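Student: I should like a close look at one part of this structure, taken slowly and with its surroundings. Please give the account as one connected answer.

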Amino acid sequence: VYQVFESVAKKYDIMNDSMTLGIHRVWKDILMHKMNPSPGTLLLDVAGGTGDIAFRFINYVRSVRERQLQQKLKHHQNLSWQEISESYQEDKFKSLGDSQVVVCDINKEMLKVGKQKAQHLGYSEGLSWVLGNAEELPFDDDKFDVYTIAFGIRNVTRIDLALQEAYRVLKPGGRFLCLEFSHVSNPLLSRLYDIYSFQVIPVLGEVIAGDWKSYQYLVESIRRFPPQEELKAMIEDAGFLKVDYQNLNLGIVAIHSGFKL
Amino acid sequence: VVRCQLSSPQRPLQASAVLRRVSDEQKKEPLASSSQQQFDSHPTDPQPEQEPQGPRPSYTGQGGQESEDYESEEQLQHRILTAALEFVPEHGWTAEAIAEGAKTLGLSVAAAGMFHSDGSELILHFVSQCNTKLSELLEQEQKLVQLGEAEKKPTDQFLRDAVEARLRMLIPYIEKWPQALSILLLPHNIPSSLNLLTSMIDDIWHYAGDQSTDFNWYTRRAVLTGIYNTTELVMMQDSSPDFEDTWRFLENRVADAMNMGDTANQVQSTGEALVQGLMGAAVTVSN
């Protein structure tokens, strides 16, 4: 698995766009909306390599924070100029409101690409990049508000260990969110999806990334991944409560959510 | 006095991080659940003369794996919502208020994700709480009357007092209440909010001593619902000291409602007289 992603790292984003026809951006946006993070949230994005989720998180939190500040200003109608300028000063330095995201990935190459992207797009504060294994996270207990793993959990050898680690590092009340390819129950769509997956994707892989095998692996790993209900049961076994899932695009992708209560 | 410490036997991997043992909340002895096989509501109790204390937690899903002594997720949700209420004046009926509430309980702000992001559950929880408080209030008053310690109020006075008591519960949140009303009108909330409204109105009539089972039952509910809703709206815009204008409005509406009964009779008798007159005229004409 490591080597797959080593070779894939640089072209990862391009391949994502072409394989999913750009819809993966929408999926990730939906994930962010579901999370609805408030400023001050500490997010751990596992297998987050190239930083898609992390950047979206920062954007979201920034806009929520702006709205909050505007609301506060509306209530400050009667302040003197002195007080207003003072409040501007202190709020300027907290444009993220203390929110932070830690991107953790097992693969150095993916992290490198992510860091470069961050620099390129101008993301500087609130981001950390950590090398780590989802089955054995290098973090203390009860640390994070939200744990996300987007399109990463199917690459984990022992999913139950990863889930247990997720439970461990989350604060009480914390949320586990998993975005992953899943099982399509509609038979017609299922057939079309199969044809697309096995015929088109590896070809794209060869043409764009020069790598047929990795994308063959990708498609097969999707098929082997447990379906929605099974994953839900696994998440519950790790100790999460209020576990639920939401199918996107009729089951091509599903978002599972659970709380550490 | 033996305190039995229970672990959660059905979940071998993790004990629940947050769901409190119900026994922690109680000052008296906890239930001694003998074996995990017993999902019945009467475990053998070492002190049989004591009644089981406190609310019984509901058995939640997870394959019925909740140990009896842990509070259910629902109870935790209620606790979070109650804690969130104190942040409503500042943040409104929003997910932010819920997040702040969760923080005061020692939970992560992400716990607000358990609820709908428009704050509906918070509002419904509040309304339900108010209705419960109202019922308790009316129950106590009724007891006093039964014990002979208080006079039974005439119906119009009773209705006025009940509606006023219920509306006064909104006063701490009055600034954000219009927002709440509009959220309650959203299609996905209407069944629940309507339910809460009708059961509250039923309650008031019940304690007012309404025993009728005829057509009047519906008219009375409709009338009181109308009075309540219009008074609530008036209250939103009222800026008089201690909402005097609102209570005067309420008084007038209740008086109108009482007179309506008489008016209906009058209309009926006028109608009859009219008909008879017409009949007479017709007979005269035909002759």
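Tutor: The account below begins with the two domains of chain B, turns to the contact between the chains, and ends with individual side chains. The model is a predicted one, and every statement should be read in that light.

The domain assignment of chain B gives domain 1, covering 72-117, and domain 2, covering 122-272. The C-alpha centres of domain 1 of chain B and domain 2 of chain B are 29 Å apart. Contact between them involves 14 residues of domain 1 of chain B and 13 residues of domain 2 of chain B. Together, domain 1 of chain B and domain 2 of chain B bury about 1100 Å² between them, and carbon and sulfur atoms give 73% of that area. On the side of domain 1 of chain B, the residues that lose the most area to domain 2 of chain B are Leu81(B), Leu85(B) and Trp93(B), which together make up 60% of what that side buries.

As to charged and polar pairing, the count of salt bridges between domain 1 of chain B and domain 2 of chain B is zero. Three residue pairs are in polar contact between domain 1 of chain B and domain 2 of chain B, both partners being at pLDDT 80 or more. Helix H2 (73-84), helix H3 (88-91) and helix H4 (95-104) of chain B are the elements that give two or more residues to the side of domain 1 of chain B that touches domain 2 of chain B. Of that side, H2(B) provides the largest share, with four residues. By residue class, the side of domain 1 of chain B that touches domain 2 of chain B comprises eight nonpolar, five polar and one charged.

The contact between the chains can be described in the same order. Here 24 residues of chain A are in contact with 25 residues of chain B. The area buried between chain A and chain B is about 1900 Å², with 61% given by carbon and sulfur atoms. Of the area that chain A buries against chain B, 32% is supplied by Leu241(A), Lys242(A) and Leu261(A), more than by any other three residues. The count of salt bridges between chain A and chain B is zero, while three residue pairs, both at pLDDT 80 or more, are in polar contact across this interface. At least two residues each of the side of chain A that touches chain B come from helix H4 (52-75), strand S4 (144-150), helix H7 (159-169), strand S5 (170-181), helix H10 (228-237) and strand S6 (241-248) of chain A. The largest share of that side, five residues, belongs to S5(A). The side of chain A that touches chain B divides into nine nonpolar, eight polar and seven charged residues.

Salt bridges come next. Side chains of opposite charge can pair when their charged atoms come close. Over all chains the count comes to 18 salt bridges. One of them joins Glu180(A) and Arg154(A), whose closest N and O atoms are 2.6 Å apart. Glu180(A) lies in strand S5 of chain A and Arg154(A) in the loop between S4 and H7 of chain A, so this pair ties together parts that are 26 residues apart in sequence. Glu180(A) counts as buried because its relative accessibility is 1%, and Arg154(A), at 11%, counts as buried as well. Also in chain A, a network of salt bridges links Lys28(A), Asp52(A) and Lys117(A).

In chain B, Lys153(B) forms a salt bridge with Asp161(B), with the closest N and O atoms 2.8 Å apart. Lys153(B) is partly exposed, having a relative accessible area of 28%, and Asp161(B) counts as partly exposed at 24% relative accessibility. A further salt bridge joins the side chains of Asp245(B) and Arg248(B), at 3.2 Å from N to O. Both residues lie in helix H10 (residues 244-286) of chain B, three residues apart, which is about one turn of the helix. Asp245(B) counts as partly exposed at 37% relative accessibility, and Arg248(B) is partly exposed with a relative accessible area of 48%.

Thr246(B) also has its place in helix H10 of chain B, but Thr246(B) counts as buried, at 0% relative accessibility. Leaving aside residues up to four places away in sequence, Thr246(B) touches Thr231(B), Val234(B), Met235(B) and Asp238(B).

Terms used
Residues numbered from 1 in each chain as written. Chains lettered and ligands numbered in written order. Predicted model: local features only at pLDDT ≥ 70, side-chain atom pairs only at ≥ 80, totals over all residues. Heavy atoms only, no water. Domains from an automatic or database assignment. Contact = heavy atoms within 4.5 Å. Buried area = accessible area lost by both parts, 1.4 Å probe. Salt bridge = Lys/Arg side-chain N within 4 Å of Asp/Glu carboxyl O. Polar contact = N/O pair within 3.5 Å; in protein donor to acceptor, adjacent residues only side chain to side chain. Nonpolar A, V, L, I, M, F, W, Y, C, P; charged D, E, K, R; others polar. Buried < 20%, exposed > 50% of the residue type's maximum accessible area, 1.4 Å probe, protein only.
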